[in-house]
Amino acid sequence: MNRRTFLSFAAGAGAGLMITPIPWKLTDDISIWTQNWKWNPKVPKRNVFFAEMASKLDPAGTGVRVALVDGVPVGLASSQDHPLSGGGVSALAAAEVGLLMSPARVRQPLVRTEAGLAPISWSDAEALLAEKLGRAEGDVAMISGDDTGTANEVFAALMHRLSGSFYMMPGEAQSAHKALEKLGGEGHLAYDIEGADYVLLLGADALESSGTAVRNARAFSQSHPSGQPATAKYVYAGPVLNNTAVVCDQWIQARPGAAASVALGLAHALMERGATARANGLDAFRRDVAANYSPARIERETGVRADTLRKLAAELAAAKRPLVIAGSEFGQGAGARALMAALGLNAMLGRINVAGGVKIVPEAPAVVQGAGSAASRYSADLVPFLKKLAEGKASAGVLMVYDANPAYALPQAELMAQAVRRAGFTVSFSSFMDETAELADLVLPSSMALERYDDVYTPYGAGQAVYSLNRPLARPAFDTRATADVLLSVARRLDIDLGYLAFKDVLRAKAEALGADWKALGRGAVWTSAATTELVPDLSAAAAPAPRAQGEGLLALAPVAKHNLGSAKVALPPLCAATVRGSDLMVQMNAKTARQSGVAEGQAVRLSGPGGEMTARVHITEKVMTGVVAAPLGFGHTAWDEYSRGLGDNAYKVLAAADDPETGLSVWSDTRVNIATA
Amino acid sequence: MSTFQDFPIRWGMVIDIDKCTGCGACVVACNKENNIAPQENQLQRIAGKGFPTRFKKIEWLTIYELTDGSDTAYLPRPCMQCGMPSCVSVCPAIATDKNENGGIVSQIYPRCFGCRYCMASCPYHARVFNWDQPVWPEGMEKQLTPHTSVRSRGVVEKCSFCHHRLMYAKDAARVAGEDPEKLPDGAYVPACGEVCPTGAITFGDVKNPEHAVYELVRSPYTFRLLERLGTDPQVYYMSKRAWVRLQGDNYLANEEAQAGEGGAHHG
């Protein structure tokens, strides 16, 4: 073959190929198959039905109307008649429906094997748990994160029968129970915020993450009609212009964890004006306040100027129905002092047992024998126990965790995870594969609130006694069970009679004990009661000096809790992913603090505190007071799903709890940190 | 240029910025109601440093943070449902129109071929483009609502004031033997307005004196975004703070004092 024939052949082959459909077909196929996208899912074409439920995920106990299509929860609407929602829905409650099919859900019981967590049947899992509990009798512990459910009675009674210990996850409810106990009361601390004409929030993020936030927000809304003069004044004192402070009529800059000091400083200023209170132990209270909480000293310690404090005291004294609500800025770690001090201040203002003030709602009657009172269930302090467990100074043959994530959402999170590892046999009852479940030896997934019987009794801060019943609105999406039912069954295997065969019967007994109509509750009606318990507080210990800040750093750390980013129990829900702003992931400080710390916008920094370290980028904003660095909570998850995992860092790692032997409740709302470029 | 169509009903939303805490409940409720898929990639982009995520995020309602250097405010921004919508006049496919009593600007997904001219013309960035097929985590597609169809890759979407809720409210009125064109106040409220914990969002017919929004839009504290472009938005904002109102439009230095006094309101 010569050159000419080769070229002729090549040209002929080329021309021949071009007149066949082969190249065009191939081009067409390439364009089709490279763009062969998945079909869109079709939306259902059926009628929507609505059913009422109370959110178990939102600590505010918000009532929501769940939209169901063919028995599948698809959406939600507001529940106008629910006393804790009044038509509003929080971001967390709104996301609860979407969490039903979250990729993080545990789909069946799992047991730890050498190869990791492997599926196990419910009956084998219950037998295994019964065996472990039977063997570890006297050395078992249980942690519950459910602040409003009767399920705690089942758990506490079982722990009682096994001579074990029962702990509640620390939060505002525990602080409230402890504070009341120290002041000689018992029951639920309730704030009649709707009836107040002057609301002073000391640290408490009352419109976002503290107490009955949605109800508080509705009360705020009613008192601030759009375009009209407000009928009540809301003042927020805290280190960060958070979601509550941003709408309040006034923001007073106060360092983190300053609630108790500011309250007592105000009591001092009121005493200067001759105020007195109907309370026991008043002399000791006056003496302590006079000695330790002068406005000048408050200015030095909290950053609240003495003249601001006096002006605030004058406004409180002049208001007809003032109300002071105190707490930690991020919902935990306040200990008992802040609430004790605030009760002292409310007593000085004559705002206890009155409309628009602080009320004490009686405890619901216990229906499971051996469960003890709510106050007794809150009495044990979890953090010191876990610390000892991590250090090998305490033991737990079996550690059971319900509705809580102690390996992530407690101060010194890494040490807490170590404690979970150190326990002989850890059982997680989480609905989701959270940090604690990942470390557990046995995971017995709990059905979600939409899929199980459960109840909500008077969350912390509710204005009256409120009881809602949740019934299963949907079939469990996975092989999950209600934990209370599982433990009733395990108790039977251990020949322990807790008096009930099913949790539903416990709830029916609770409804009867309260005098509520079971059938009406089942239809979504809410039982309420205006009954209150008279409290004459004993203020002798309310102004005793409090423990000092933890850490030696130059900056005060202000963790910020936003419920659209999740909570101590749940990581960023998929439906909330869109609400994350870039600056949400960053630690925030004002320009002066940044200048003093030598850091700039966007710079990567390391915060080191008494508990550990975290890294983040810096965002400069005047929403944070000088000398304070604000860190977001809810990030830095190592478990959960692709929506939350590996996003930002966990600020709980930096915190460390200080012991407070007098109240028996540790404190971690005042932490000092150092900042360095990372 | 589209011509102004005056409808007997004018559905309007009044957002009281002084009451918005920025909690995000409205966004979550909107996403669920309108079948907006959760976007993990979007989070990775945010974490992935410096990606321009603003126009890639699928979100009908965005909450902006405003500041004057010391104070802060949050501004939720749905589609403005403009009286003179710039998107409508540029759409080559008539995929978006304003032709129904009430004045809601439609978006008809099967007609849209994704040229994004409407996005370029919208001064509020209220429109978003599906760069990718929507993906739900396994099983979550079973929880789609029947209200809004799922949008494909390659089309533009936007807030519809939960138009399906208007249809349901009209149906309910017909069943009750009432006039569907005379819905009482509160009979039709979009998902965002329904859930707002602080009641910052009020919704109704701004031409109907029996609706709460009628008075609100006439308040001296009421303003609209970029009002001077002549888009005539049906979303109104309120704030007693002058600096917030000033950020609603672009003012020259000599105009600021006058604008800050308020009064820029229309019925």
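Reader: What makes up the area that chain A exposes?
Author: In this predicted model, chain A exposes about 24200 Å², and carbon and sulfur atoms supply 50% of it. Accessible areas come from the Shrake-Rupley method with a 1.4 Å probe, and for residues only the protein chains shown count as cover. Local features need pLDDT of at least 70, and side-chain atom pairs count only at pLDDT 80 or more. Residues are numbered from 1 along each chain as its sequence is written.

Reader: Why is A:Leu26 called exposed?
Author: Exposed means over 50% relative accessible area, buried under 20%, and partly exposed in between. A:Leu26 has 52% relative accessibility, so it counts as exposed. This residue lies in helix H2 of chain A.

Reader: What makes the nonpolar patch on the surface?
Author: A:Leu17, A:Ile22, A:Leu26 and A:Ile30 form it, with about 390 Å² of accessible area together. Patch residues have over 30% relative accessible area and no salt bridge (a side-chain nitrogen of Lys or Arg within 4 Å of a carboxyl oxygen of Asp or Glu); nonpolar side chains are joined within 5 Å, like charges within 9 Å. Helix H2 (residues 22-33) gives the largest share, 3 residues; helices are DSSP runs (H or I) of at least four residues.

Reader: How do you know how compact chain A is?
Author: Chain A has 20 helices and 25 strands (E runs of at least two residues). Its radius of gyration, taken over C-alpha atoms, is 28 Å, close to the 26 Å from the globule rule (2.2 Å times the number of residues to the power 0.38) for 678 residues, so chain A is as compact as a globular protein of that length.

Technical notes
Chains lettered and ligands numbered in written order. Heavy atoms only, no water. Buried < 20%, exposed > 50% of the residue type's maximum accessible area, 1.4 Å probe, protein only.
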